[in-house]
Amino acid sequence: MPTLASKTFGTVGADQQKQMSGLEFVSGLVDGTLPLNMIARTLGYDVVEAEKGRVVVAVEPCKAHLNPYGTVHGGLTATLLDSCMGLAVQSTLDKGFAQTTVEFKISLVRPITPDTGPIRAEGIVLNCGRRIGTAEGRLTDRKGRLLAHGTSTCLIFAS
């Protein structure tokens, strides 16, 4: 499996996206054949697992992620959960369809610091219809302890 250091960053053109199912798209992010988005480079996270209806993103918190109180900024947590949930919905879509987040809600249940070590956000689809997809996400530490959780509603549209 490629490491984050060996992956590229950027965007995937609309014409190329239309030629892939959602699972092919997300799998390309995992195996490095497609570029991760630029916010992944900025925050240092990676898309590490994908199957239909389930996606995992991971990062190791560092000083760059801290808020003034010395804990990881909630924006990192929100980004990880939004990414894993949205990509989980994407992984269920046929060629020619895409999704975008309409709304999401997260709850932070434990503080995260660099001492927490690697964290993983797992998104799982709850329901995916023709126009709306919903997913839930769980952010856990290496011991499997819940750090945050959330839900997302995504709009599905022809790309």
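1. Q90 is buried, because its relative accessible area is 10% (buried means under 20% relative accessible area, exposed over 50%, and partly exposed in between, with a 1.4 Å probe and protein chains only). Q90 sits in helix α4; helices (H or I, at least four residues) and strands (E, at least two) are DSSP runs, numbered from the N terminus. The side chain of Q90 comes to 3.4 Å from the backbone nitrogen of Q99. Apart from neighbours within four places in sequence, the contacts of Q90 are G22, L23, F25, V26, F97, A98 and Q99, where contact means heavy atoms within 4.5 Å.

2. On the basis of the model: this is a predicted model, in which local features need pLDDT of at least 70 and side-chain atom pairs count only at pLDDT 80 or more, while totals for chains, interfaces and linings use all residues. Residues are numbered from 1 along each chain as its sequence is written, and side-chain values use heavy atoms, with hydrogens and water left out.

3. On the overall fold: the chain contains four helices and six strands. Read from the N terminus, the order of elements is α-α-α-β-β-α-β-β-β-β. The radius of gyration is 15 Å, close to the 15 Å of the globule rule for 159 residues, so the chain is as compact as a globular protein of that length. That radius is taken over C-alpha atoms, and the globule rule is 2.2 Å times the number of residues to the power 0.38. Along the principal axes, the C-alpha atoms occupy a box of roughly 45 × 30 × 25 Å.

4. On burial, surface and charge: of the 159 residues in the chain, 43% are buried. The exposed area of the chain is about 8,300 Å², with 53% of it supplied by carbon and sulfur atoms; accessible areas come from the Shrake-Rupley method with a 1.4 Å probe, and for residues only the protein chains shown count as cover. The chain has 16 positive and 14 negative charges, and their mean positions are 3 Å apart. Lys and Arg count as positive and Asp and Glu as negative, with His and the chain ends not counted; each charge is placed at NZ of Lys, CZ of Arg, CG of Asp or CD of Glu. Of the contacts between residues at least 6 apart in sequence, 65% join residues at least 24 apart.

5. On helix α2: F25 belongs to this helix, which spans residues 22–31. F25 is buried, because its relative accessible area is 16%. Beyond neighbours within four places in sequence, F25 contacts V12, Q17, M20, L34, L87 and Q90. The buried residues of α2 are G22, F25, V26, G28, L29 and V30. Their cover includes α1 (14–18), β1 (46–51), β2 (54–59) and α4 (74–90). Just after the helix, G32 has a positive phi of about 85 degrees. From F25 to A135, 110 residues apart in sequence, the C-alpha distance is 18 Å.

6. On S107: this residue is in strand β3 (residues 97–108). S107 is partly exposed, because its relative accessibility is 22%. The side chains of S107 and K105 are joined by a polar contact of 3.1 Å. A polar contact is a pair of N or O atoms within 3.5 Å; within protein, one must be able to donate a hydrogen and the other to accept it, and residues adjacent in sequence count only if both atoms are side-chain atoms. With residues up to four places away set aside, S107 touches L147, A148 and H149. The C-alpha atoms of S107 and G74 are 9.7 Å apart, with a sequence separation of 33 residues.

7. On T140: strand β5 (residues 132–141) holds this residue. T140 counts as buried because its relative accessibility is 16%. Not counting residues up to four places away in sequence, T140 touches P118, I119, R120, R145, L146 and L147.

8. On V48 and K63: V48 lies in strand β1 and counts as buried because its relative accessibility is 16%. The C-alpha atoms of V48 and E122 are separated by 10.0 Å, and the two residues are 74 apart along the chain. K63 is in the loop between β2 and α4 and is exposed because its relative accessible area is 73%. Between K63 and T113, 50 residues apart along the chain, the C-alpha separation is 8.3 Å.
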